[in-house]
Amino acid sequence: ATQVSRNLSARDQRNNVAVRTYATSLIARLPQGSLLLTKGDLTVYPSRYVQACLGLRPDVTVMDQEVMGYDWYIPRARERFSNVTFPPGERLRPRGKPGRCVIPGEILGTCAKHAG
């Protein structure tokens with residue numbers, strides 16, 4: 001308790017809005033109904049936070065490319081993101097480390113085509 005009381009004011013981050021500002025600026029100017037393909041936690045979680053907690057841009061679909069190579073992701077994403085058309089199959093073909101997915105440009109249009 002003593003360490004906390006001594007160091008709290010120097011370490012207090014409750015007014016640090018850098019991540020919220022980053023995520024807000026990331027999705028604020030996207031066109032209506034956009035699909036935002038993120039790459040990893042530093043982008044996906046702040047983006048989802050400003051949508052779910054602050055109510056910003058619910059029209060933007062946020063999908064994380066890092067998990068697209070896992071067997072469980074595509075079936076769940078098909079249910080959750082009905083406005084996105086995925087290529088046939090249960091997972092996107094990963095490249096590199098197991099579970100990682102790099103989307104080649106030629107299938108990006110098919111993978112992330114918005115309906116309507």
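# A tour of the predicted model

Start with the whole protein chain: among its contacts with a separation of 6 or more, 55% join residues that are 24 or more positions apart. Keep in mind throughout that this is a predicted model.

**Stop 1: the whole chain**

Show the chain as a cartoon and colour it by secondary structure. Five helices and four strands should appear. Followed along the sequence, they come in the pattern α-α-β-α-β-α-β-α-β. Now switch to a surface view. The accessible surface of the protein chain is about 7900 Å², and carbon and sulfur atoms hold 54% of that area. Of the 116 residues in the chain, 33% are buried.

**Stop 2: helices H2 and H3**

Select residues 18–28, which are helix H2, and then residues 41–52, which are helix H3. How do the axes of H2 and H3 cross? They come within 9 Å of each other and cross at roughly 85°. An angle from 65 to 115 degrees counts as roughly perpendicular, so H2 and H3 are roughly perpendicular to each other.

Show the side chains where the two helices meet. On the H2 side, pick Val19, Arg20, Tyr22, Ala23, Thr24, Leu26 and Ile27. On the H3 side, pick Leu42, Thr43, Pro46, Ser47, Tyr49, Val50 and Gln51. Sorted by kind, the residues of this contact are nine nonpolar, four polar and one charged.

**Stop 3: threonine 43**

Stay in helix H3 and centre the view on threonine 43. Is threonine 43 buried or exposed? Its relative accessibility is 16%, and the limit for buried is under 20%, so threonine 43 counts as buried. Which residues does threonine 43 touch, apart from its neighbours within four places in sequence? They are Tyr22, Leu26 and Thr38. Tyr22 and Leu26 are also among the H2 residues that meet H3.

**Stop 4: the loops on either side of H3**

Move to lysine 39, in the loop between strand S1 (35–38) and H3. Lysine 39 has a relative accessible area of 45%, so this residue is partly exposed. Add glutamine 65 to the selection and draw a line from C-alpha to C-alpha. Lysine 39 and glutamine 65 are 26 residues apart in sequence, but 5.3 Å apart in space.

Next, select arginine 57, which lies in the loop between H3 and strand S2 (61–64). Check its backbone: arginine 57 is not a glycine, yet its phi is positive, about 50°. With a relative accessibility of 17%, arginine 57 counts as buried.

**Stop 5: the aromatic rings**

A pair of aromatic rings is described by two values, the distance of the centres and the angle of the planes. How many aromatic pairs are there? The count is two. Select tyrosine 70 and tryptophan 72 for one of them: this pair is stacked, with 6.0 Å from centre to centre and 15° between the planes. Then select tryptophan 72 with tyrosine 73: this pair is edge-to-face, at 5.9 Å from centre to centre and 75° between the planes.

Show Tyr70, Trp72 and Tyr73 together, since they form one aromatic cluster. Colour the three by relative accessibility. Tyrosine 70, at 34%, counts as partly exposed. Tryptophan 72, at 42%, is partly exposed. Tyrosine 73 has a relative accessible area of 6%, so this residue is buried.

Definitions and conventions
Residues numbered from 1 in each chain as written. Predicted model: local features only at pLDDT ≥ 70, side-chain atom pairs only at ≥ 80, totals over all residues. Heavy atoms only, no water. Buried < 20%, exposed > 50% of the residue type's maximum accessible area, 1.4 Å probe, protein only. Contact = heavy atoms within 4.5 Å. Areas by Shrake-Rupley, 256 points an atom, 1.4 Å probe, with all protein chains shown as cover. Phe/Tyr/Trp six-rings, centres within 6.5 Å; stacked < 30°, edge-to-face > 60°. Axes fitted to C-alpha atoms, helices over the stretch in contact; angles between N-to-C directions. Parallel < 35°, antiparallel > 145°, perpendicular 65-115°, else oblique. Nonpolar A, V, L, I, M, F, W, Y, C, P; charged D, E, K, R; others polar.
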